[in-house]
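Welcome, and thanks for taking a look at this one with us. Here is a short briefing to read alongside the sequence and the fold.

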Amino acid sequence: KMASAGGVGSAAALWSEVNRCGQNGDFARALKSVNKILQISKDDVTALQCKVVCLIQNGNFKEALSVINTHTKVLTSDVIAFEKAYCEYRLNRIENALKTIQSASQQTDKLKELYGQVLYRLERYDDCLAAYRDLIRNSQDEYEEERKTNLSAVVAAQSTWEKVMPEDLGLREATYELCYNSACALIGQGKLNEAMKKLQKAEELCRQSLSEDSDVTEEDIEAELAIIHGQMAYIMQLQGRTEDALQLYNQIIKLKPTDVGLLAVIANNIITINKDQNVFDSKKKVKLTNAEGVEHKLSKKQLQAIEFNKALLAMYTNQADQCRKLSASLQSQSPEHLLPVLIQAAQLCREKQHAKAVTLLQDFADQHPANAAEIKLTMAQLKIAQGSITKACMILRSIEELQHKPGMVSALVTMYSHEEDIDSAIEVFTQAIQWYQQFQASQTRGANPKPPVHLSLIREAANFKLKHGRKKEAISDLEELWKQNPKDVHTLAQLISAYSLVDPEKAKVLSKHLPSSDTMSLKVDVDALENSHGATYVRKKAGKLTGDSQQKEQGQGDVKKKKKKKKGKLPKNYDPKVTPDPERWLPMRERSYYRGRKKGKKKDQVGKGTQGSTTAGSSELDASKTASSPPTSPRPGSAAAVSATSNVIPPRHQKPAGAPATKKKQQQKKKKGAKGGW
């Protein structure tokens, strides 16, 4: 009995210690006291509960869950349901946490809060939205702002991942978290400019909120703003401002944020900007996407996008086996998804195995008819790249849901025209027109019905047939158009033009339906039109000028001409006493005194040695210094030559000192069109 009494007294002291440590937040010390209590009474329910709580507070979730599972007889689901579910949630055993919550006999407020978090992690957004609405409606405590923030996060997720139009929750965006979630919802709707404004407001609110705390440093503020800046960079990337986005992404990475999910998303976005360029940087960034715990921080679609980009990066870096391995893994995870098979086909094309790529795509299209359209478009592109235009057309025409679309019709007609298969092109037009006629007949017309699409196709078909000589078929189409709208003058004119090539008499008959020239004339004030502000050319009004004004105009014209006229330059050796050569404007060969050149006369007398050097016999070769040298035909530079018509050498034919330079200048003047002379 003495021992028992001592144990009771010791237990009471230990419980007092546990209570005191719990109030002070010293859970490590409280755990020691609880363990001592359990040594006294190993199945004490309260002590076991306290031990689980202390372990949770210290972050030892695995150990806490082990204690719960070890003492299932004592710690029943009614007693410990919340703690067990919370441990499973923190250990990322989300499905187990959901089962634990649902199996609890009583749904407490704590369990409802955790239930909302579990549903969000499971991406069951509709159920999660309903859970948080119920919590906000039935709770009145200091955590109301946090619940509203979570509610807005659910709406943002719906808008981003499920493309659901978010409803207006009527929440007052007084905190930066609410502003951030609102911006995310706007991004999901494609309202990028509005989203950017919300993010700027969120940044401002965040700075104001954190700057009020004196213990918070500027580095702490920048770390908290990292997720906001990351979303801003994402908007810039979507807007095509890749340089700005890349700069902001790299600034965030330099801060080394602790959020591995944020780092993974930023690294992935940088890889998408790099594409097949800057592969070395992409290889470094992809390591950030492999960090531990990333898979628990991101949504399924985010993780899937990262895996797709890893496969593409492997393809761009010529890691064919790695690319095939990643794409095959993705295809096994999402058999109906298009991207894995498209990546595999792209890799085969890089290896010049186009036939295998087409076979792979065809097999996928057969297995997944719902996605066959996009796959067949890719197959057609491959066929075109191989030069098999006709086969590409066959593939495109097999896409039933697209074969009547104007874009598809245009593409098929262009391709058939390239192959000179006019009959097939006309058949494409005919099938599309018939489809739209049937569709038009099945539709009920509203108050303001739109013009039928098939009419525009009929016009295009008629133009095509006229261009390729199918006049009778074109006439049939044009008659159909005119029948639909007899007041259409343009169609009537086309019809008359077509008949004039086949049946001129019929063209004359139809021409009577054309409106008269009086009804067609437009009442336009030409003078007002020419004098309008937007007129770029104004015709001068016709009219005779009076004598004075005419003289004035002529005088002004003379003045202008005198200003433009340049005074010709005279030769340096100009002599005003000498009469100029009257044939100076003619080429040398056309002048009366030109006798031609004697070829080969000085061929053997060419001086040898360095350029500019003189020889001993150079003076003997100078014909101008010999008295017996006979006169020759006048040449530029021969000062002793005598003109046949004059005893005086014309200055025009005298060679000045800098002959080559002068000659060059004269040629330049001729090119410019200058009128020199005197």
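At what angle do the axes of helix 19 and helix 20 cross, and within what distance do they come? In this predicted model, the axes of helix 19 (residues 338-350) and helix 20 (residues 354-367) cross at roughly 165 degrees and come within 7 Å. Since angles over 145 degrees count as roughly antiparallel, helix 19 is therefore roughly antiparallel to helix 20.

**The helix 19 and helix 20 pair**

- The crossing of these two helices, helix 19 and helix 20, is right-handed.
- On the helix 19 side, the contact is made by L338, V341, L342, Q344, A345, L348 and C349.
- Helix 20 contributes H354, K356, A357, L360, L361 and F364 to that contact.
- Sorted by character, the residues of the contact between helix 19 and helix 20 are ten nonpolar, two polar and one charged.

**The annotated repeat**

- An unreviewed UniProt entry lists residues 226-259 as "repeat: TPR".
- In the model, the chain over residues 226-259 is 76% helix and 0% strand.
- The C-alpha atoms at the two ends of residues 226-259 lie 10 Å apart.

**The protein as a whole**

- If you are counting elements, the protein has 32 helices and zero strands.
- The protein has 678 residues, and 33% of them count as buried.
- Taking contacts between residues at least 6 apart in sequence, 49% join residues at least 24 apart.

Definitions and conventions. Residues are numbered from 1 along each chain as its sequence is written. This is a predicted model: local features need pLDDT of at least 70, side-chain atom pairs count only at pLDDT 80 or more; totals for chains, interfaces and linings use all residues. Side-chain values use heavy atoms; hydrogens and water are left out. Axes are lines fitted to C-alpha atoms, for helices over the stretch in contact, and angles run from 0 to 180 degrees between N-to-C directions. Helices (H or I, at least four residues) and strands (E, at least two) are DSSP runs, numbered from the N terminus. Angles under 35 degrees count as roughly parallel, over 145 as roughly antiparallel, 65 to 115 as roughly perpendicular and the rest as oblique. A crossing is left-handed if the near helix is turned anticlockwise from the far one by less than a right angle, and right-handed if clockwise. Contact means heavy atoms within 4.5 Å. Ala, Val, Leu, Ile, Met, Phe, Trp, Tyr, Cys and Pro count as nonpolar, Asp, Glu, Lys and Arg as charged, and the others, Gly among them, as polar. UniProt positions are given in the numbering used here, feature names are shortened, and annotations may be inferred rather than shown by experiment. Buried means under 20% relative accessible area, exposed over 50%, partly exposed in between (1.4 Å probe, protein chains only).
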